[in-house]
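Here are my notes for your first look at this one. Have the structure open while you read, and go through the points in order.

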Amino acid sequence: MGWEARVFFRPKGTATPFASSAADTVDIPKEPRFFNLARKSAVERRCDIYTPYSPSAGVKTRSIADPHAADAAEELLLSIPPPYLGEDSSTLYELKTRYKVKPDGFEKWEKDLREVTFAYVLQKLDVEGIIRTVSNEVATDVYVPVRKLRRKIHIGMGVWCEYTDIYSFVCQKLAPPPAAVTESTVPAQVPAHNILAAEHWVTMSLEGHHKDLELDFKELIEECITHHASGGQVLVMGYPEFVLHMVSSVGASPKADAQSS
């Protein structure tokens, strides 16, 4: 997928900038360039379920939502069966691996999409020498559903601009529900997601050739600090590192003895 530079921030206000009601929108002053480029594209709605692993490895399963579905993050999350402790059936995983990283925030990623077990994913990462920066318990017991309302547009010369509202949940796996004994037995109620934390963030990114985007990314960061980010605070990182940030915020911290990736 090439080079990508991404920022995350908590948005100003309480509603998304793409809300339909003018009364609910966030005040965006002075025509910010990248926001106005991204808002020209249609919204893609989906939920990706991430497994915390390492800043240099993203492990997720993807669920595509109805494009006409309501925007409520909780409604979409409830429509997705929670993963259970001990389960490891074959699932369509997307493995995103970081091969290069620049001091200015640009990262080079490659994706691998295949239907495999989680044990296979862990083995593949181990073979590739990617060091896990969370404990085994966190990697197997915690998952992070991220509800996305994404706008992405091609702005020329192989460059893509993205603006995505994300609703991130940190959840802990539960034991699987008991199976019904007979057909006449009322099925056991499927437990809801065991949510430890839920936060609204926004992420913006540029994708393309690194040398063509250095100045643009500096401008994007300044735009986020000035116009969009609550308190002017932004995180420059990819999705895998953001997932670790969310997990550590609820006390499921990375291993203290882990080596730097």
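1. A cut-off to start with: a residue counts as buried when its relative accessible area is under 20%, and as exposed when that value is over 50%. Serine 54 sits at 0%, so it counts as buried. You'll find serine 54 in strand β2, and its side chain makes a polar contact with the side chain of serine 56, at 3.0 Å. Do keep in mind that this is a predicted model.

2. Stay in strand β2, which runs over residues 44-54, and look for arginine 46. Is arginine 46 buried or exposed? With a relative accessible area of 5%, arginine 46 is buried. Its side chain has a polar contact with the side chain of aspartate 48, at 3.1 Å.

3. Next, the charged pairs. As a general point, side chains of opposite charge can pair when their charged atoms come close. How many salt bridges does the structure hold? The count is 18, and I'd pick out a few of them to look at.

4. Begin with glutamate 4 and lysine 96, whose side chains meet in a salt bridge at 3.8 Å, N to O. Glutamate 4 belongs to strand β1 (residues 2-9) and lysine 96 to strand β4 (residues 91-101), so this pair ties together parts that are 92 residues apart in sequence. Glutamate 4 has 1% relative accessibility, so it counts as buried. Lysine 96 counts as buried too, at 10% relative accessibility.

5. Back to aspartate 48, which we met beside arginine 46. Which lysine forms a salt bridge with aspartate 48? That partner is lysine 148, and the closest N and O atoms are 2.7 Å apart. Since aspartate 48 lies in strand β2 and lysine 148 in strand β6 (residues 142-156), the pair ties together parts that are 100 residues apart in sequence. Aspartate 48 and lysine 148 are both buried.

6. The third pair is glutamate 94 with lysine 60, a salt bridge whose closest N and O atoms are 3.4 Å apart. Here strand β4 holds glutamate 94 and strand β3 (residues 57-64) holds lysine 60, so parts that are 34 residues apart in sequence are tied together. Both of these residues are buried. Now zoom out a little: salt bridges that share partners join Glu44, Arg46, Asp48, Lys60, Glu94, Lys111, Lys148 and Arg150 into one network.

7. One member of that network, Lys111, deserves its own stop. Lysine 111 is placed in strand β5, residues 106-116. Its relative accessible area is 47%, so lysine 111 is partly exposed. Along the chain, lysine 111 and glutamate 94 are 17 residues apart, while their C-alpha atoms are separated by 6.8 Å.

8. Over to the surface. Which residues gather in a patch of positive charge there? They are Lys100, Lys102, Lys108 and Lys211. Lysine 211 comes from helix α5, which covers residues 210-228. At 62% relative accessibility, lysine 211 counts as exposed.

9. Another lysine to find is lysine 40, in the loop between α1 (33-38) and β2. Lysine 40 has 64% relative accessibility, so it counts as exposed. How far apart are lysine 40 and lysine 152 in space, C-alpha to C-alpha? The distance is 8.6 Å, with the two positions 112 residues apart in sequence.

10. For the backbone, check methionine 157, in the loop between β6 and β7 (159-172). Methionine 157 is not a glycine, yet it has a positive phi of about 55°. Its relative accessible area is 80%, so methionine 157 is exposed.

11. Last stop: helix α6, residues 239-249. The buried residues in this helix include Tyr239, Pro240, Phe242, Val243, Leu244, Met246 and Val247. Just after α6 comes glycine 251, with a positive phi of about 100°.

Definitions and conventions: Residues numbered from 1 in each chain as written. Predicted model: local features only at pLDDT ≥ 70, side-chain atom pairs only at ≥ 80, totals over all residues. Heavy atoms only, no water. Helix = DSSP H or I, 4+ residues; strand = E, 2+ residues; numbered from the N terminus. Buried < 20%, exposed > 50% of the residue type's maximum accessible area, 1.4 Å probe, protein only. Polar contact = N/O pair within 3.5 Å; in protein donor to acceptor, adjacent residues only side chain to side chain. Salt bridge = Lys/Arg side-chain N within 4 Å of Asp/Glu carboxyl O. Patch = residues over 30% accessible without salt bridge, like charges linked within 9 Å, V, L, I, M, F, W, Y side chains within 5 Å. Areas by Shrake-Rupley, 256 points an atom, 1.4 Å probe, with all protein chains shown as cover. Lys, Arg positive; Asp, Glu negative; His and termini not counted. Charge placed at Lys NZ, Arg CZ, Asp CG, Glu CD.
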